[in-house]
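Work through the exercises below with the model open beside you, and try each task before you read its solution.

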Amino acid sequence: MLNVMKEQTISVAQTVKSLPYDVIALVLQGGGALGAYQAGVYEGLHEAGIRPNWLAGISIGALNAAIIAGSPEAERVERLRKFWETICATPVEWPAGEGLADAMPFAFDLRSARNAVAAVRALFQGQPGFFKPRFPPPFWSPFSGDAATSFYDTSPLKRTLWQLVDFDRLNSGEVRVSVGAVNVRTGNLTYFDTAERRLGPKHFMASGALPPGFPAVEIEGEHYWDGGVVSNTPLSRVLSSEPCDTLTFQVDLWSARGSVPNDMMEVSSRQKDIQYSSRTRAVTDQALRMQAMRQALQRIIEELPASAKEDPGIRAIANMARHRSYNIIHLIYQSKIYERHSKDYEFGLNAMRAHWQSGLDDIRRTLADPHRLEPPAPELGVITHDIHRRD
């Protein structure tokens with residue numbers, strides 16, 4: 001058995017791709033059931049030999065990050081699959097089956113109906129290994145606290161995390177992990193980061209505690225909600241850290257772009273897309289401004305006399321002004337025509353598998369062009385790739 005494990009470890013190590021970056025970051029947005037798309041993206045990265053050394057997540061993105069960082073390298077994809085199959089399990093499988101749904105001319109109606117059933121089931125029954133409804137509901141609860149401030153009990157998620165995540169491995173420093181949550185009292189976004197503290201199940205549950213569905217999570221005397229209440233994408237956490245050459249795979253679950261709604265259901269869906277989509281352009285614009293400032297400082301420092309350059313303060317500024325490269329590969333889940341406003345809580349197995357496959361297909365398309373992994377030209381410093389961009 002030991003020899004088999006050793007052979008597997010060597011095999012995995014041999015597939016790792018060497019890339020010219022100090023940091024390879026995987027940035028994972030929140031989006032509930034849509035998070036299976038991120039799992040598919042990770043599978044594609046894994047098969048391509050790309051191993052992120054920094055995972056930053058919000059909400060479901062934080063949970064995916066916990067599974068990846070808290071698993072042996074060779075088992076990460078399988079642990080992700082186990083997690084998603086656990087939280088999307090259903091008592092009875094849809095009788096028509098995926099094959100029939102795809103073959104019929106009205107297939108999208110079948111998929112829409114199937115997903116709607118999954119959403120209703122999640123609302124009224126909860127999801128195994130994730131959350132369960134409170135009884136009595138919070139409006140009728142005779143107690144204060146969690147029972148009166150949330151519709152669901154998330155204790156099943158805590159058990160699932162303990163089963164699937166090795167928190168000693170997660171905190172070992174092998175991979176940096178940052179997850180965002182909002183302080184309920186102050187309203188400020190907080191990042192729980194393995195570079196600063198040891199993380200446990202509560203930190204990841206706090207990042208995914210979306211009110212009023214889920215209760216706030218208490219950590220060190222403070223209460224936290226889902227980080228998506230303030231900012232649903234932790235890209236700025238990665239780009240605002242100590243400057244270094246960085247390749248970032250940003251995996252979004254909501255698209256800022258979309259069509260004008262034609263009915264109230266489409267209004268609800270479009271509102272969610274806009275509310276939870278990332279503000280990537282604002283973050284990258286800031287990175288470009290910082291890059292221009294570094295270049296200006298470099299020019300000023302070059303004009304200084306040699307003696308001045310030896311000053312500790314000037315040397316520190318020169319170090320901060322050194323050229324850095326930022327390559328952001330942006331993947332955005334593209335909603336299907338049969339998906340509605342409930343897509344983020346349609347936890348059916350068929351929907352999960354479709355999301356997963358979409359993520360795998362998108363990252364494979366992205367990596368099919370090896371130039372996308374190259375650092376930007378020195379005069380640019382920052383570049384963004386998006387296979388779905390139309391302009």
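**Exercise 1.** Find what share of the contacts between residues at least 6 apart in sequence join residues at least 24 apart.

*Solution.* Begin with the contacts in the protein chain whose two residues are at least 6 apart in sequence, and then keep those whose residues are at least 24 apart, which gives 73%. Bear in mind throughout that this is a predicted model.

**Exercise 2.** Decide whether the radius of gyration of the protein chain agrees with that of a compact globule.

*Solution.* First take the length, 391 residues, for which a compact globule would have a radius of gyration near 21 Å. Next take the value for the protein chain, 22 Å, which agrees with that expectation. As a further description, the C-alpha atoms fill a box of roughly 75 × 60 × 50 Å along the principal axes, and buried residues make up 49% of the 391 residues.

**Exercise 3.** State where the pLDDT is below 50, starting from the average for the protein chain.

*Solution.* The protein chain averages a pLDDT of 87, and 91% of the residues score at least 70. Over residues 1–14, however, the pLDDT is below 50, and this stretch has three contacts in the model beyond near neighbours in sequence. The pLDDT also stays under 50 over residues 96–101, for which the model has seven contacts beyond four places in sequence.

**Exercise 4.** Describe how the charged side chains are distributed.

*Solution.* Count the two sets separately, which gives 42 positive and 44 negative side chains. Then compare their centres, which lie 1 Å apart.

Terms used. Residues are numbered from 1 along each chain as its sequence is written. This is a predicted model: local features need pLDDT of at least 70, side-chain atom pairs count only at pLDDT 80 or more; totals for chains, interfaces and linings use all residues. Side-chain values use heavy atoms; hydrogens and water are left out. pLDDT is the predictor's confidence in each residue, from 0 to 100. Contact means heavy atoms within 4.5 Å. The radius of gyration is taken over C-alpha atoms; the globule rule is 2.2 Å times the number of residues to the power 0.38. Buried means under 20% relative accessible area, exposed over 50%, partly exposed in between (1.4 Å probe, protein chains only). Lys and Arg count as positive and Asp and Glu as negative; His and the chain ends are not counted. The place of a charge is taken as NZ of Lys, CZ of Arg, CG of Asp or CD of Glu.
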